[in-house]
Amino acid sequence: MNVTITPAKLHGPVTPPPSKSQAHRLIIAAALATGESVLDHVAPSQDILATIRCMEALGASFTWSGSTLAVQGLAMNRPFPTLPHLDCGESGSTLRFLIPIALAVAGGGVFSGQGRLMERPQKPYFDLFDAKGISYTLEHGVLTVQGRLPAGDYPLPGDVSSQFVTGLLYALPLVEGTSRITLTSPLESEGYVAMTRQALHQAGIALDGYTVPGGQHYTPIRGSVEADWSQAGFFYAALGLGNPLDIQGLNLHSKQGDQRIVSFYEQLTGPETGLTLDVSQCPDLVPPLAALAAGCPGKTTHIVGAARLRIKESDRLATTSQVLGALGAQVEELAEGLTIVGKAQFDGGVTVPCHNDHRIAMMAAVAATRCISPITLTGAQCVAKSFPDFWQVYERLGGQIVKSEETL
(Lines give C-alpha, C1' and ligand atoms only; values in the text may rest on other atoms or scores of the structure.)
Protein backbone atom coordinates (compact mmCIF):
# COMPACT_ATOMS: atom_id res chain seq x y z
CA MET A 1 0.00 0.00 0.00
CA ASN A 2 1.17 3.52 -0.85
CA VAL A 3 0.27 6.48 1.35
CA THR A 4 0.58 10.02 0.04
CA ILE A 5 0.72 12.62 2.81
CA THR A 6 -0.08 16.27 2.24
CA PRO A 7 1.57 18.27 5.02
CA ALA A 8 -0.92 19.27 7.71
CA LYS A 9 -0.87 19.83 11.45
CA LEU A 10 -1.91 16.99 13.76
CA HIS A 11 -3.96 18.11 16.73
CA GLY A 12 -6.16 16.88 19.55
CA PRO A 13 -6.07 14.14 22.19
CA VAL A 14 -4.36 10.84 21.43
CA THR A 15 -3.71 7.69 23.45
CA PRO A 16 -0.94 5.38 22.22
CA PRO A 17 -1.95 1.76 21.52
CA PRO A 18 -1.40 -1.03 24.05
CA SER A 19 2.21 -1.92 24.74
CA LYS A 20 3.38 -4.69 22.44
CA SER A 21 6.31 -5.48 24.74
CA GLN A 22 4.14 -5.87 27.82
CA ALA A 23 1.51 -7.85 25.92
CA HIS A 24 4.08 -10.39 24.72
CA ARG A 25 5.21 -10.97 28.28
CA LEU A 26 1.76 -11.23 29.84
CA ILE A 27 0.48 -13.54 27.10
CA ILE A 28 3.41 -15.93 27.50
CA ALA A 29 3.11 -15.94 31.30
CA ALA A 30 -0.63 -16.60 31.05
CA ALA A 31 -0.12 -19.36 28.49
CA LEU A 32 2.37 -21.12 30.77
CA ALA A 33 -0.06 -21.07 33.71
CA THR A 34 -2.41 -23.85 34.71
CA GLY A 35 -5.96 -22.52 34.32
CA GLU A 36 -7.50 -19.46 32.72
CA SER A 37 -6.07 -15.96 32.68
CA VAL A 38 -7.78 -12.79 31.44
CA LEU A 39 -5.86 -9.94 29.84
CA ASP A 40 -7.49 -6.61 29.02
CA HIS A 41 -6.45 -3.92 26.52
CA VAL A 42 -4.64 -6.24 24.11
CA ALA A 43 -4.17 -5.10 20.50
CA PRO A 44 -3.92 -7.80 17.80
CA SER A 45 -0.85 -6.47 16.02
CA GLN A 46 1.03 -8.86 13.77
CA ASP A 47 3.73 -9.44 16.39
CA ILE A 48 1.22 -10.23 19.13
CA LEU A 49 -0.65 -12.61 16.83
CA ALA A 50 2.67 -14.36 16.18
CA THR A 51 3.18 -14.96 19.90
CA ILE A 52 -0.39 -16.23 20.28
CA ARG A 53 0.05 -18.55 17.29
CA CYS A 54 3.24 -20.00 18.75
CA MET A 55 1.77 -20.50 22.21
CA GLU A 56 -1.15 -22.30 20.56
CA ALA A 57 1.38 -24.62 18.93
CA LEU A 58 2.65 -25.41 22.44
CA GLY A 59 -0.86 -26.19 23.69
CA ALA A 60 -2.42 -22.96 24.99
CA SER A 61 -5.73 -21.63 23.68
CA PHE A 62 -7.06 -18.11 23.30
CA THR A 63 -10.46 -16.45 23.02
CA TRP A 64 -10.98 -12.81 22.02
CA SER A 65 -13.81 -10.58 23.24
CA GLY A 66 -13.11 -7.12 21.87
CA SER A 67 -9.71 -6.16 23.28
CA THR A 68 -9.96 -8.72 26.12
CA LEU A 69 -8.06 -11.96 25.70
CA ALA A 70 -8.93 -15.09 27.70
CA VAL A 71 -5.99 -17.48 27.88
CA GLN A 72 -6.29 -21.17 28.73
CA GLY A 73 -2.85 -22.29 29.84
CA LEU A 74 -1.08 -25.22 28.21
CA ALA A 75 -0.81 -28.62 29.87
CA MET A 76 2.79 -28.65 31.03
CA ASN A 77 3.32 -32.41 30.74
CA ARG A 78 1.48 -33.03 27.47
CA PRO A 79 3.35 -35.31 25.06
CA PHE A 80 4.76 -33.94 21.80
CA PRO A 81 5.11 -36.81 19.33
CA THR A 82 6.92 -34.43 16.97
CA LEU A 83 8.61 -31.11 17.52
CA PRO A 84 6.04 -28.28 17.34
CA HIS A 85 6.31 -25.79 14.48
CA LEU A 86 6.40 -22.19 15.65
CA ASP A 87 5.81 -19.55 12.97
CA CYS A 88 7.16 -16.32 14.47
CA GLY A 89 6.22 -14.02 11.60
CA GLU A 90 8.57 -11.04 11.84
CA SER A 91 8.60 -10.88 15.64
CA GLY A 92 12.06 -10.98 17.16
CA SER A 93 10.58 -11.06 20.66
CA THR A 94 8.48 -14.11 19.81
CA LEU A 95 11.44 -16.01 18.37
CA ARG A 96 13.95 -15.28 21.10
CA PHE A 97 11.52 -15.63 23.98
CA LEU A 98 10.21 -18.97 22.80
CA ILE A 99 13.38 -20.82 21.84
CA PRO A 100 14.22 -21.74 25.47
CA ILE A 101 10.55 -22.03 26.41
CA ALA A 102 10.01 -24.64 23.68
CA LEU A 103 13.00 -26.59 24.98
CA ALA A 104 11.58 -26.55 28.51
CA VAL A 105 8.01 -27.38 27.48
CA ALA A 106 8.31 -29.59 24.41
CA GLY A 107 11.92 -30.65 24.12
CA GLY A 108 12.47 -28.18 21.29
CA GLY A 109 10.76 -26.78 18.26
CA VAL A 110 10.98 -25.88 14.59
CA PHE A 111 11.05 -22.09 14.18
CA SER A 112 10.37 -20.13 11.02
CA GLY A 113 9.81 -16.48 10.23
CA GLN A 114 9.45 -13.83 7.58
CA GLY A 115 11.38 -10.79 6.41
CA ARG A 116 14.79 -10.49 8.05
CA LEU A 117 13.75 -12.35 11.20
CA MET A 118 15.74 -15.54 10.74
CA GLU A 119 18.84 -13.49 9.89
CA ARG A 120 18.90 -11.98 13.37
CA PRO A 121 21.78 -13.30 15.46
CA GLN A 122 21.10 -16.19 17.85
CA LYS A 123 24.73 -16.83 18.78
CA PRO A 124 24.23 -16.26 22.54
CA TYR A 125 21.78 -19.19 22.54
CA PHE A 126 23.91 -21.30 20.22
CA ASP A 127 26.94 -20.91 22.49
CA LEU A 128 24.86 -22.10 25.44
CA PHE A 129 23.44 -25.01 23.45
CA ASP A 130 26.94 -26.14 22.45
CA ALA A 131 27.94 -26.17 26.11
CA LYS A 132 24.80 -27.99 27.27
CA GLY A 133 24.42 -30.61 24.57
CA ILE A 134 21.32 -29.17 22.90
CA SER A 135 21.22 -29.75 19.16
CA TYR A 136 20.31 -27.04 16.68
CA THR A 137 20.37 -26.45 12.94
CA LEU A 138 19.63 -23.31 10.95
CA GLU A 139 19.00 -24.13 7.31
CA HIS A 140 17.08 -22.22 4.63
CA GLY A 141 15.60 -19.86 7.20
CA VAL A 142 14.32 -22.62 9.50
CA LEU A 143 15.79 -23.12 12.97
CA THR A 144 15.36 -26.51 14.64
CA VAL A 145 16.34 -26.91 18.29
CA GLN A 146 16.02 -30.17 20.21
CA GLY A 147 16.91 -31.29 23.70
CA ARG A 148 16.02 -30.61 27.29
CA LEU A 149 16.97 -27.37 28.97
CA PRO A 150 19.00 -28.30 32.06
CA ALA A 151 19.39 -26.35 35.27
CA GLY A 152 22.77 -24.73 35.71
CA ASP A 153 24.82 -21.68 34.87
CA TYR A 154 23.92 -19.58 31.83
CA PRO A 155 26.47 -16.92 30.83
CA LEU A 156 24.97 -14.35 28.45
CA PRO A 157 26.19 -11.12 26.89
CA GLY A 158 24.01 -8.19 27.87
CA ASP A 159 24.83 -5.99 24.89
CA VAL A 160 23.38 -8.09 22.05
CA SER A 161 19.73 -8.20 23.12
CA SER A 162 17.88 -8.38 26.41
CA GLN A 163 15.51 -10.82 24.67
CA PHE A 164 17.90 -13.69 25.40
CA VAL A 165 17.74 -12.90 29.12
CA THR A 166 13.96 -12.75 29.01
CA GLY A 167 13.66 -16.09 27.21
CA LEU A 168 15.71 -17.84 29.87
CA LEU A 169 13.91 -16.09 32.74
CA TYR A 170 10.65 -17.59 31.42
CA ALA A 171 12.02 -21.07 30.77
CA LEU A 172 14.34 -21.81 33.68
CA PRO A 173 11.63 -21.77 36.42
CA LEU A 174 10.12 -24.81 34.63
CA VAL A 175 13.20 -27.05 34.93
CA GLU A 176 14.25 -28.94 38.05
CA GLY A 177 17.10 -27.35 39.97
CA THR A 178 18.44 -23.86 40.48
CA SER A 179 19.91 -21.90 37.59
CA ARG A 180 21.91 -18.69 37.36
CA ILE A 181 22.16 -16.22 34.50
CA THR A 182 25.49 -14.42 34.47
CA LEU A 183 25.84 -11.29 32.35
CA THR A 184 29.25 -11.19 30.66
CA SER A 185 28.81 -7.60 29.47
CA PRO A 186 26.67 -4.67 30.64
CA LEU A 187 22.95 -5.13 30.09
CA GLU A 188 21.35 -2.87 27.51
CA SER A 189 17.59 -2.31 27.34
CA GLU A 190 17.36 -3.18 31.02
CA GLY A 191 13.85 -1.73 31.14
CA TYR A 192 12.65 -4.69 29.08
CA VAL A 193 14.06 -7.13 31.63
CA ALA A 194 12.27 -5.15 34.35
CA MET A 195 9.02 -5.66 32.41
CA THR A 196 9.78 -9.39 32.24
CA ARG A 197 10.29 -9.57 35.99
CA GLN A 198 7.02 -7.72 36.53
CA ALA A 199 5.07 -10.20 34.38
CA LEU A 200 6.74 -13.19 36.04
CA HIS A 201 5.89 -11.82 39.47
CA GLN A 202 2.25 -11.45 38.43
CA ALA A 203 2.29 -15.14 37.46
CA GLY A 204 3.73 -16.23 40.80
CA ILE A 205 7.30 -16.89 39.65
CA ALA A 206 10.03 -16.12 42.20
CA LEU A 207 13.44 -14.81 41.16
CA ASP A 208 16.44 -13.79 43.23
CA GLY A 209 18.22 -11.36 40.96
CA TYR A 210 19.45 -13.61 38.16
CA THR A 211 19.22 -16.73 40.29
CA VAL A 212 16.20 -18.76 39.17
CA PRO A 213 14.79 -21.52 41.41
CA GLY A 214 13.47 -24.43 39.36
CA GLY A 215 10.38 -26.58 39.71
CA GLN A 216 8.04 -23.58 39.81
CA HIS A 217 4.51 -23.33 38.45
CA TYR A 218 2.94 -20.39 36.68
CA THR A 219 -0.39 -19.26 38.15
CA PRO A 220 -3.23 -17.58 36.21
CA ILE A 221 -3.23 -13.82 36.05
CA ARG A 222 -5.68 -11.00 35.54
CA GLY A 223 -4.02 -8.00 34.02
CA SER A 224 -4.32 -5.05 31.69
CA VAL A 225 -1.79 -3.96 29.10
CA GLU A 226 -0.51 -0.40 29.49
CA ALA A 227 -0.34 2.14 26.68
CA ASP A 228 2.90 1.84 24.73
CA TRP A 229 5.70 4.29 25.47
CA SER A 230 7.52 3.14 22.31
CA GLN A 231 4.64 4.31 20.14
CA ALA A 232 4.22 7.40 22.30
CA GLY A 233 7.63 8.41 21.00
CA PHE A 234 6.12 9.27 17.62
CA PHE A 235 3.47 11.47 19.19
CA TYR A 236 6.09 13.24 21.32
CA ALA A 237 8.11 13.80 18.16
CA ALA A 238 5.04 15.24 16.44
CA LEU A 239 4.38 17.48 19.45
CA GLY A 240 7.94 18.77 19.35
CA LEU A 241 7.60 19.46 15.62
CA GLY A 242 4.76 21.87 16.31
CA ASN A 243 1.70 19.63 16.26
CA PRO A 244 -0.58 20.50 19.22
CA LEU A 245 -1.30 17.00 20.52
CA ASP A 246 -2.57 16.05 23.96
CA ILE A 247 -0.88 12.71 24.69
CA GLN A 248 -2.97 10.77 27.17
CA GLY A 249 -3.34 7.41 28.89
CA LEU A 250 0.30 6.66 29.71
CA ASN A 251 1.49 5.13 32.99
CA LEU A 252 4.03 7.57 34.40
CA HIS A 253 5.31 4.84 36.74
CA SER A 254 5.72 2.24 34.01
CA LYS A 255 8.59 -0.24 33.81
CA GLN A 256 8.78 0.42 30.06
CA GLY A 257 12.25 1.69 29.24
CA ASP A 258 10.96 3.85 26.40
CA GLN A 259 9.43 6.19 28.97
CA ARG A 260 12.79 7.93 28.50
CA ILE A 261 11.16 9.70 25.57
CA VAL A 262 9.95 12.32 28.06
CA SER A 263 13.45 13.38 29.13
CA PHE A 264 14.74 13.22 25.54
CA TYR A 265 11.82 15.38 24.40
CA GLU A 266 12.58 17.92 27.10
CA GLN A 267 16.23 18.07 26.05
CA LEU A 268 15.44 18.40 22.34
CA THR A 269 12.89 21.16 22.92
CA GLY A 270 15.07 22.94 25.50
CA PRO A 271 17.71 25.65 25.06
CA GLU A 272 20.82 23.49 24.53
CA THR A 273 22.20 23.60 21.00
CA GLY A 274 24.47 20.56 21.21
CA LEU A 275 23.07 17.31 22.55
CA THR A 276 24.27 13.72 22.92
CA LEU A 277 21.47 11.19 23.47
CA ASP A 278 22.52 7.69 24.59
CA VAL A 279 19.82 5.27 23.40
CA SER A 280 21.51 2.03 24.48
CA GLN A 281 18.62 1.39 26.90
CA CYS A 282 15.87 2.39 24.45
CA PRO A 283 16.95 1.88 20.81
CA ASP A 284 13.37 1.73 19.48
CA LEU A 285 13.11 5.46 20.14
CA VAL A 286 15.71 6.35 17.53
CA PRO A 287 13.32 6.94 14.56
CA PRO A 288 11.04 9.40 16.40
CA LEU A 289 14.03 11.04 18.11
CA ALA A 290 15.74 11.47 14.74
CA ALA A 291 12.61 13.04 13.21
CA LEU A 292 12.32 15.47 16.11
CA ALA A 293 16.03 16.33 16.15
CA ALA A 294 15.95 16.95 12.40
CA GLY A 295 13.23 19.55 12.94
CA CYS A 296 14.98 21.47 15.73
CA PRO A 297 16.74 24.37 13.94
CA GLY A 298 19.98 25.53 15.50
CA LYS A 299 20.63 22.22 17.26
CA THR A 300 23.14 19.49 16.51
CA THR A 301 22.16 16.14 18.02
CA HIS A 302 24.38 13.10 18.35
CA ILE A 303 22.48 9.83 18.87
CA VAL A 304 24.83 7.16 20.27
CA GLY A 305 24.62 3.60 21.53
CA ALA A 306 22.43 2.44 18.65
CA ALA A 307 24.50 -0.27 16.91
CA ARG A 308 21.81 -2.91 17.58
CA LEU A 309 19.45 -1.09 15.22
CA ARG A 310 21.30 -2.60 12.28
CA ILE A 311 19.63 -5.96 12.95
CA LYS A 312 16.01 -4.84 13.23
CA GLU A 313 13.30 -5.13 10.55
CA SER A 314 15.64 -2.98 8.49
CA ASP A 315 19.12 -1.67 9.12
CA ARG A 316 17.43 1.08 11.05
CA LEU A 317 20.41 3.42 11.26
CA ALA A 318 20.74 3.31 7.49
CA THR A 319 17.03 3.59 6.74
CA THR A 320 16.44 6.38 9.26
CA SER A 321 19.23 8.35 7.65
CA GLN A 322 18.12 7.57 4.09
CA VAL A 323 14.44 8.37 4.54
CA LEU A 324 14.91 11.57 6.53
CA GLY A 325 17.67 12.60 4.13
CA ALA A 326 15.35 12.05 1.16
CA LEU A 327 12.79 14.35 2.79
CA GLY A 328 15.44 17.06 3.06
CA ALA A 329 16.72 16.62 6.60
CA GLN A 330 20.44 16.76 7.42
CA VAL A 331 21.33 13.38 8.90
CA GLU A 332 24.72 11.63 8.94
CA GLU A 333 24.84 7.87 9.52
CA LEU A 334 27.66 6.69 11.81
CA ALA A 335 28.78 3.22 12.82
CA GLU A 336 26.76 3.20 16.04
CA GLY A 337 24.50 6.21 15.75
CA LEU A 338 23.49 9.36 13.91
CA THR A 339 24.49 13.01 13.83
CA ILE A 340 21.61 15.34 12.98
CA VAL A 341 21.67 19.08 12.26
CA GLY A 342 18.21 20.53 12.76
CA LYS A 343 16.39 22.78 10.30
CA ALA A 344 13.05 24.56 10.26
CA GLN A 345 11.48 22.68 7.33
CA PHE A 346 11.99 19.71 5.06
CA ASP A 347 11.47 19.85 1.31
CA GLY A 348 9.38 16.72 0.81
CA GLY A 349 8.11 16.22 -2.72
CA VAL A 350 9.54 12.68 -2.92
CA THR A 351 8.54 9.04 -2.87
CA VAL A 352 10.35 6.98 -0.26
CA PRO A 353 10.16 3.31 0.74
CA CYS A 354 9.27 2.22 4.27
CA HIS A 355 11.77 -0.65 4.01
CA ASN A 356 9.22 -3.05 5.52
CA ASP A 357 9.85 -1.33 8.86
CA HIS A 358 6.90 -0.08 10.89
CA ARG A 359 8.96 2.46 12.81
CA ILE A 360 10.41 3.96 9.63
CA ALA A 361 6.89 4.40 8.23
CA MET A 362 5.66 6.17 11.36
CA MET A 363 8.80 8.32 11.52
CA ALA A 364 8.22 9.50 7.96
CA ALA A 365 4.56 10.26 8.70
CA VAL A 366 5.55 12.46 11.62
CA ALA A 367 8.32 14.18 9.64
CA ALA A 368 5.82 14.88 6.84
CA THR A 369 4.13 17.45 9.06
CA ARG A 370 7.25 19.64 8.60
CA CYS A 371 7.53 19.13 4.82
CA ILE A 372 6.82 21.85 2.27
CA SER A 373 5.50 19.44 -0.38
CA PRO A 374 3.60 16.13 -0.18
CA ILE A 375 5.45 12.85 0.19
CA THR A 376 4.51 9.31 -0.80
CA LEU A 377 5.43 6.27 1.31
CA THR A 378 5.58 2.87 -0.37
CA GLY A 379 4.94 -0.27 1.67
CA ALA A 380 3.07 1.76 4.27
CA GLN A 381 1.02 -1.26 5.39
CA CYS A 382 4.04 -2.34 7.46
CA VAL A 383 2.66 -0.36 10.43
CA ALA A 384 0.41 -3.40 11.08
CA LYS A 385 3.39 -5.07 12.76
CA SER A 386 2.89 -2.98 15.89
CA PHE A 387 0.18 -0.33 15.32
CA PRO A 388 -2.48 -1.68 12.92
CA ASP A 389 -4.71 1.40 13.02
CA PHE A 390 -1.92 3.98 12.82
CA TRP A 391 -3.17 5.51 9.58
CA GLN A 392 -6.73 5.80 10.94
CA VAL A 393 -5.41 7.55 14.04
CA TYR A 394 -3.23 9.80 11.88
CA GLU A 395 -6.27 10.88 9.84
CA ARG A 396 -8.39 11.38 12.96
CA LEU A 397 -5.74 13.77 14.28
CA GLY A 398 -5.96 15.84 11.11
CA GLY A 399 -3.42 14.12 8.91
CA GLN A 400 -4.21 14.37 5.21
CA ILE A 401 -3.49 11.08 3.45
CA VAL A 402 -4.51 9.24 0.30
CA LYS A 403 -4.03 5.48 0.16
CA SER A 404 -3.44 3.58 -3.06
CA GLU A 405 -2.34 0.13 -4.09
CA GLU A 406 1.28 -0.29 -5.07
CA THR A 407 2.03 -0.89 -8.73
CA LEU A 408 4.91 -2.91 -10.11
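Two strands pair if DSSP finds at least two bridges between them. The model examined here is predicted. Strand S17, residues 330–333, is joined to S18 by four bridges, and the two run antiparallel. A hairpin of four residues connects S17 to S18. Within this pair, Gln330 stands opposite Val341 in S18.

S18 also has a second partner. Strand S16 (residues 300–304) pairs with S18 (residues 338–341) through four bridges, again in the antiparallel sense. Here Thr301 faces Ile340, standing opposite that residue of S18. S18 is thus flanked in the pairing record by S16 and by S17.

A parallel pairing occurs elsewhere in the chain. Strand S10 (residues 153–156) and strand S11 (residues 179–183) pair in the parallel sense over four bridges. Pro155 of S10 stands opposite Thr182 in S11. In a regular strand the side chains alternate between the two faces of the sheet. S10 shows such alternation. Tyr154 and Leu156 point to one face and are buried. Asp153 and Pro155 point to the other face and are not buried.

Helix packing was examined for H7 and H11. Helix H7 spans residues 229–240, and helix H11 spans residues 358–367. Their axes come within 9 Å and cross at roughly 20°. Angles under 35 degrees count as roughly parallel, and H7 and H11 are therefore roughly parallel to each other. The crossing of H7 past H11 is right-handed. On the H7 side, the contact involves Ser230, Gln231, Phe234, Ala237 and Ala238. These meet Arg359, Met362, Met363 and Val366 in H11. The residues of this contact comprise six nonpolar, two polar and one charged.

A lysine in a loop was also characterised. Lys385 lies between strand S22 (375–378) and helix H12 (390–396). The relative accessible area of Lys385 is 4%. Buried means under 20% relative accessible area, so Lys385 is buried despite its position in a loop. Beyond residues up to four places away in sequence, Lys385 touches Lys20, Ser45, Gln46, Asp47, Glu90, Ser91, Glu313 and His358. One of these contacts, His358, belongs to the span of helix H11, residues 358–367.

Methods
Residues are numbered from 1 along each chain as its sequence is written. This is a predicted model: local features need pLDDT of at least 70, side-chain atom pairs count only at pLDDT 80 or more; totals for chains, interfaces and linings use all residues. Side-chain values use heavy atoms; hydrogens and water are left out. Buried means under 20% relative accessible area, exposed over 50%, partly exposed in between (1.4 Å probe, protein chains only). Contact means heavy atoms within 4.5 Å. Axes are lines fitted to C-alpha atoms, for helices over the stretch in contact, and angles run from 0 to 180 degrees between N-to-C directions. Angles under 35 degrees count as roughly parallel, over 145 as roughly antiparallel, 65 to 115 as roughly perpendicular and the rest as oblique. A crossing is left-handed if the near helix is turned anticlockwise from the far one by less than a right angle, and right-handed if clockwise. Ala, Val, Leu, Ile, Met, Phe, Trp, Tyr, Cys and Pro count as nonpolar, Asp, Glu, Lys and Arg as charged, and the others, Gly among them, as polar.
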